[in-house]
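Good morning, and thank you for coming. I should like to introduce a structure that may be new to many of you.

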Amino acid sequence: FGKAVFRNVIVNGTVLAEDGKKMSKRLQNYPDPLLTMDKYGADALRAYLLSAPVMQAENMNFSEKGVEESLRKNIMILWNVHSFYGMYAAGENASTASTHMLDRWIIARLAELITETTEAMNAYNLPKAMRPITDFINDLSTWYIRRSRDRFKSDDAADKQAALETTKHVLIELAKVMAPFTPF
């Protein structure tokens with residue numbers, strides 16, 4: 001009716017079998033999707049596919065090991081962070097008011113993640129939007145939580161409270177960033 005049907009379109013490439021051949025029922029050269037999701041979860045599969053070159057219209061050899069790696073690097077590490085937080089949490093408010101250097105750093109990294117992911121999503125570049133999430137989860141676990149462990153167990157109530165409030169804020173905001181990619 002006198003205007004474009006769409007403004008933007010995302011086109012994906014072809015997902016091939018691990019051996020590089022086209023997946024087919026006849027060759028039975030693909031893993032059962034339901035078994036894959038049962039074993040690794042739908043979120044791990046989505047994260048794997050959304051960060052892959054197939055989302056940039058390139059062909060990709062599907063690898064169950066890639067789904068497993070996505071599970072390990074994203075879902076399991078984040079679950080461990082959440083579980084660790086849950087051991088010490090007691091209904092804290094989410095806050096960014098802490099002046100502790102580690103708290104300020106993770107808040108800055110979160111802001112960087114939000115900006116980078118938003119820009120990539122606005123440009124319809126899903127792999128570029130997904131990949132920084134994995135890096136952030138690693139930073140949250142390896143750098144922030146690991147170096148804040150003593151703070152969570154501390155007798156200094158104010159410092160402990162600041163660490164818990166910061167962690168709660170980061171987990172809530174990270175869930176919002178991850179929702180389009182890993183909604184489950």
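**Contacts and core**

Leaving aside neighbours within four places in sequence, Asn 61 is in contact (heavy atoms within 4.5 Å) with Leu 16, Ala 17, Glu 18, Asp 19, Gly 20 and Tyr 48. The model is predicted: local features need pLDDT of at least 70 and side-chain atom pairs count only at pLDDT 80 or more, while totals for chains, interfaces and linings use all residues. Residues are numbered from 1 along each chain as its sequence is written, and side-chain values use heavy atoms, with hydrogens and water left out.

Asn 61 lies in strand 2, residues 60-61; helices (H or I, at least four residues) and strands (E, at least two) are DSSP runs, numbered from the N terminus. With a relative accessible area of 38%, Asn 61 is partly exposed, because that term covers values between buried, under 20%, and exposed, over 50% (1.4 Å probe, protein chains only).

Let us turn to the core. The largest nonpolar core (buried Ala, Val, Leu, Ile, Met, Phe, Trp, Tyr and Cys residues joined through side-chain atoms within 4.5 Å) has 41 residues, of which Ile 133, Phe 136, Leu 140 and Leu 174 touch the most other members. Helices 2, 3, 4, 5 and 6 each give two or more residues to this core, and helix 5 gives the most, with 10 residues. Not counting residues up to four places away in sequence, Ile 133 touches Leu 113, Thr 117, Val 177, Met 178 and Phe 181.

Finally, is Thr 167, in helix 6, buried or exposed? Thr 167 is buried, at 0% relative accessibility.
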